[in-house]
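Here's a quick briefing for anyone opening this structure for the first time. Have a look at the fold, then follow the bullets below.

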Amino acid sequence: MLSTAPRVEFLRRETGPVSAALINRFDCRRVAIADGVVSSVGLFLSTFSPNLDVMILLYGVVGGFGIGLVYMASLVIVSYYFDKRRALATGIATCGSGVGSFVFAPVYEFLLETYGWRGAIWIVAGIMFNCVLFAIIYRPLTTHGRETSSTGYVGTLNDENNTENTTSDTDVRFKSQISQCIAKTQKLAQLLDVSLFTNAGFDLFLLSSCIVAMGSQVPYNFLPASVLEKGLYETDGALLISVLGIATTLSMVIVGLVADYPWADSLIVGGVATCFLPYYNDFSSLAIYSVIMGIPLGMCLSLPTIIVLEFLELERLPSAFGLLTFFMGISTIIGPPIAGFLEDMTESYSAAFYFAGATFVLGGITCLPIRLLIKCNSPVLDTDVPTADVVEMTHL
């Protein structure tokens, strides 16, 4: 089970574009309901796996895929419902993962000791199925002008076929197949909204987020081991990770109360603090570092959707957030091996922390021009998409 955890986290991010396409095609409620079923069924069936490969497929791939789609739909629906309090609502929603880690860690331990690994997974699958019940209340907002025809290209195809009466049947079939391929490609591009890459603000934020993601997992992975190298106890390392997790969770909510989000400043401060981590030799200084570092880590989880909406319309959020999480997932996988390689080459954890600190500083500097873009261009207001403060919701 432990070996599949990284796969679940990786798939949670890499399902971003798929989830975005499904949300654009259907809606957040349908996607969350379907994927709540997929994740719970995947976890349940994994207990009957005849070997480890099947276990990884069902628990890691199927379960991780479903969890990723539920995660995406849950964050997007919050942005649809809130306008003035969107940052605070998103912070509360994202901090649920941190609170769940603290609450369910002892619960999982109890389940394993009481019911064994198979019974524990059955209960976890039942807990995951509750996502379906919660997703039912994702009542869609009444919108105007957002529906797009699923057959928008059929008329074009039929008109073209009608004008080819003088050609042979072979030519007609060939051109029909070409037209269908073009139509499907255009429809896929429309669902994924690849035109986002032409937006300078989105490109800068994507680059910054990917750089930061490379070093975001290094403190979690290397801080406990570096504590032992400094002559402290193993329990101190575990306690520091808890402090880091608590600071990260609290910062998700606190940043929602702040009017001006110091995204880039916090990244730079956290990066500099990480670069000096090899010189923190006592528990107190390491605990202070964990608190300082928890702030930018929390912002990395709670603010992306808020910052993206500063220069994009609300209706483009699923595609933007999907692409963002996809590329951040790749960076998250790449970062720790690079840090481990540097540690092996230098035989010291200092190089790993220098690398992580450099990614945060560079990511913060890359993010600085976004402020200028936001000031030069007024925030895009999507008047066709009403917010939860004034909208009348459709019936279930």
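Let's start at one small spot: glutamate 347 sits in the loop between α14 and α15. Helices here are DSSP runs (H or I, at least four residues), strands are E runs of at least two, and both are numbered from the N terminus. What you're looking at is a predicted model, where local features need pLDDT of at least 70, side-chain atom pairs count only at pLDDT 80 or more, and totals for chains, interfaces and linings use all residues. Residues are numbered from 1 along each chain as its sequence is written, and side-chain values use heavy atoms, with hydrogens and water left out.

**That loop residue**

- Glutamate 347 has a phi near 55 degrees, a positive value in a residue other than glycine.
- For background, most residues other than glycine have a negative phi.
- With a relative accessible area of 68%, glutamate 347 is exposed; the cut-offs are under 20% for buried, over 50% for exposed and in between for partly exposed (1.4 Å probe, protein chains only).

**The whole protein**

- The secondary structure adds up to 15 helices and 0 strands.
- Of the 396 residues in the protein, 46% are buried.
- The accessible surface is about 20000 Å², and carbon and sulfur atoms hold 66% of it; such areas come from the Shrake-Rupley method with a 1.4 Å probe, and for residues only the protein chains shown count as cover.
- Take the contacts (heavy atoms within 4.5 Å) with a separation of 6 or more: 84% of them link residues 24 or more positions apart.

**The nonpolar cores**

- A nonpolar core is a set of buried Ala, Val, Leu, Ile, Met, Phe, Trp, Tyr and Cys residues joined through side-chain atoms within 4.5 Å.
- The largest one has 42 residues, and Phe202 and Phe205 have the most contacts inside it.
- Elements giving two or more residues to this core include α2 (16-25), α4 (52-81), α8 (200-216) and α14 (317-346).
- α4 gives the most to this core, with 9 residues.
- This core lies between domain 1 (1-86 + 115-140) and domain 2 (194-377), because both of them give residues to it; the domain bounds come from an automatic or database domain assignment.
- Phenylalanine 202 touches Leu196, Phe197, Phe311, Leu312, Ala320 and Leu323, once you skip residues up to four places away in sequence.
- Apart from the largest core lies another core, of 25 residues, with Val212, Leu297, Cys300 and Phe353 among them.
- As a general point, nonpolar side chains tend to be buried together in soluble globular proteins.

**Helix α3 and its contacts**

- Isoleucine 33 is in helix α3 (residues 28-46) and is partly exposed, at 26% relative accessibility.
- Beyond its neighbours within four places in sequence, isoleucine 33 is in contact with Val132, Ala135 and Ile136.
- The C-alpha atoms of isoleucine 33 and phenylalanine 129 are 9.0 Å apart, though 96 residues separate the two along the chain.
- Serine 46 also lies in helix α3, but at 0% relative accessibility serine 46 counts as buried.
- Leaving out neighbours within four places in sequence, serine 46 is in contact with Met55, Leu58, Tyr59 and Ile121.

**A nonpolar patch on the surface**

- The patch has about 990 Å² of accessible area together, and its residues include Val37, Phe44, Trp122, Ile127 and Phe129.
- Patches are built from residues with over 30% relative accessible area and no salt bridge, with nonpolar side chains (Val, Leu, Ile, Met, Phe, Trp, Tyr) joined within 5 Å and like charges within 9 Å.
- Both α3 and α5 (86-135) supply at least two residues of the patch, and α5 gives the most, with 6 residues.
- Isoleucine 127 is in helix α5 and is partly exposed, with a relative accessible area of 31%.

**Salt bridges**

- The structure holds 2 salt bridges, each being a side-chain nitrogen of Lys or Arg within 4 Å of a carboxyl oxygen of Asp or Glu.
- Aspartate 27 pairs with arginine 30, with the closest N and O atoms 3.6 Å apart; arginine 30 is exposed at 55% relative accessibility.
- Glutamate 313 and arginine 316 form a salt bridge at 3.7 Å, N to O, and glutamate 313 is partly exposed at 25% relative accessibility.
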